[in-house]
Amino acid sequence: MSNSPILVTRSSMPPLEEFVREIEPLWESHWLTNMGEKHHQLERSLKEYLGVENIALFTNGHSALECVFEAMGLHGKVITTPYTFASTTHAIVRKGLTPVFADIRPDDYTLDPGLIEDLIDEDTCAIVPVHVYGNLCDVDAIQDIADRHGLKVIYDAAHAFGVRRGDVSSASFGDASMFSFHATKVFNTIEGGAVCFRDPGLRDLLNQWKNFGITGPEDVEYVGGNAKMNEFCAAMGICNLRHLDDEIAKRRVVAERYWEHLDGVAGIRVCRPKEGTTSNYAYLPVVFEDEFGSTRDDVYMALKREGVFSRKYFYPLITDFACYRGRFDSSSTPVAAHVADRVLTLPMYADLPLDEVDHICRVTLGLSKR
Ligand SMILES: *Cc1c(COP(=O)(O)O)cnc(C)c1O
């Protein structure tokens, strides 16, 4: 086993020569950003990979989410999950919308569709669920509710790139899905993001909004922002996409090894892909129930002493953030609060050696008091 620290993730990178080959034409064109050749090429490749008609690229996933809320003209309340990364809720709040938190399901930690309808009132405009850890939400039940109440559905699919149900990609559900291509995600463009959307009428809006609302050489129609993906990031994406299926296959071997050790142990809950879905093995969340005998924090510290840096992801719950304290109440989402207090995501990346996985599991299981 190596003596260097094991971090929770490690960014996928193509061979250096491949990236150099990809960026070489930029020294000819001197076109570095503003929807250049690499940008268009990545858009085309992603449409094909995801099997979607409509996509817009962004400088990061968070801007993509803010932009799609704005382009859709949302106002009022949005039903969402507190069990997510800061970005989801921040995007809602920063766009002047009011988040209304529904609890999550205890098995896959996604928004519980059974709890959504009671929270809908005349001010509700949309549902913003998260395919957390790459676990697909109950997209059919959510769509059914949205259709009955005339609501938009925008998925935070930041974790779900490459996930499919049957042969339908995670990009195809709801009115729009946001992906993050941040360095820590399964597919990265260093920093980057995208929105896949159903209504082709959104394309111009999204592309103008990410470029200051400029609609023509002498026209600025919207008060837009700036969130364009540059050519170097697009080139990184083009390269990484070529290797993605191999990377996911390697992640799968790592995940299976963890589950061999941990699944079925008293007091330990792991998340395995559901029947009929193809996972991207983005994260390795483990929930330590009281029955395990040691707490999540005990495991976190024991691993840290071994040079293994796991992450309390997601803890604290969004509703307990200092910036939201007093405005929201985590007691209204008890399942999310329970999971946030007990979850640890273990190191997970394509090149994580299996003997390190064995070691991590040995340290973890050594804390079982059963
Ligand atoms: C990473 C992430 C985002 C934000 O993506 P960036 O590309 O980092 O802006 C949003 N939501 C979730 C759930 C994420 O994990």
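Visitor: What makes the approach of Tyr-313 to an oxygen atom of the ligand a polar contact?

Guide: In this predicted model, an N or O atom in the side chain of Tyr-313 lies 3.5 Å from an oxygen atom of the ligand. The cut-off is a pair of N or O atoms within 3.5 Å, so the pair is counted.

Visitor: Which other residues have a polar atom set against an oxygen atom of the ligand, and with which part of the residue?

Guide: Ser-180 does so with a polar side-chain atom, at 2.7 Å. His-62 uses a polar backbone atom, at 2.8 Å. Both values lie within 3.5 Å, so both pairs are polar contacts. In total, 16 residues surround the ligand, and the closest are Gly-61, Asp-156, His-159, Ser-180 and Lys-185.

Visitor: What makes the bond from Tyr-313 to Phe-314 notable?

Guide: That peptide bond is cis, with omega near 20 degrees. Phe-314 is placed in the loop between α9 (296–305) and α10 (334–342). The loop between α9 and α10 also holds Pro-316, and a cis peptide bond joins Tyr-315 and Pro-316, with omega about -10 degrees. Most peptide bonds are trans.

Visitor: What is remarkable about the phi of Tyr-109, and where does the residue lie?

Guide: Tyr-109 is not a glycine, yet its phi is positive, at about 65 degrees. Most residues other than glycine have a negative phi. Tyr-109 belongs to the loop between β3 and β4 (124–128).

Visitor: How is the chain divided, and how far apart are the centres of the domains?

Guide: Domain 1 covers 16–238 and domain 2 covers 243–365. Taken over C-alpha atoms, their centres are 25 Å apart. Their contact takes 36 residues from domain 1 and 35 residues from domain 2.

Visitor: What gives the size of the interface between domain 1 and domain 2?

Guide: The size of an interface is often given as the accessible area lost when the parts come together. Here domain 1 and domain 2 bury about 3,100 Å² between them, with 62% of it on carbon and sulfur atoms.

Visitor: Why is the pair Asp-108 and Lys-274 called a salt bridge?

Guide: The N to O value for these side chains is 2.9 Å. The rule asks for a Lys or Arg side-chain nitrogen within 4 Å of a carboxyl oxygen of Asp or Glu, so the pair qualifies. Between domain 1 and domain 2 the count is 2 salt bridges, and 12 residue pairs are in polar contact across the interface.

Visitor: Which elements of domain 1 supply the side that touches domain 2?

Guide: At least two residues each come from α5 (86–94), β3 (98–101) and β6 (164–165). The largest share, 4 residues, is that of α5. By type, this side of domain 1 divides into 20 nonpolar, 8 polar and 8 charged residues.

Visitor: How do you know that the pair Arg-44 and Glu-37 also counts as a salt bridge?

Guide: Their side chains stand at 3.7 Å, N to O, which is within 4 Å, so the pair is accepted. A search of the whole structure finds 24 salt bridges. Another is formed by Asp-140 and Arg-165, at 2.9 Å.

Visitor: Why is the pair Asp-140 and Arg-165 said to tie parts together?

Guide: Asp-140 lies in helix α6 (residues 139–149) and Arg-165 in strand β6, so the pair links parts that are 25 residues apart in sequence.

How values were computed: Residues are numbered from 1 along each chain as its sequence is written. This is a predicted model: local features need pLDDT of at least 70, side-chain atom pairs count only at pLDDT 80 or more; totals for chains, interfaces and linings use all residues. Side-chain values use heavy atoms; hydrogens and water are left out. Domain bounds come from an automatic or database domain assignment. Contact means heavy atoms within 4.5 Å. Buried area is the accessible area (1.4 Å probe) that two parts lose on being put together, summed over both. A polar contact is a pair of N or O atoms within 3.5 Å; within protein, one must be able to donate a hydrogen and the other to accept it, and residues adjacent in sequence count only if both atoms are side-chain atoms. Ala, Val, Leu, Ile, Met, Phe, Trp, Tyr, Cys and Pro count as nonpolar, Asp, Glu, Lys and Arg as charged, and the others, Gly among them, as polar. A residue is near a molecule or strand if one of its heavy atoms lies within 4 Å of it.
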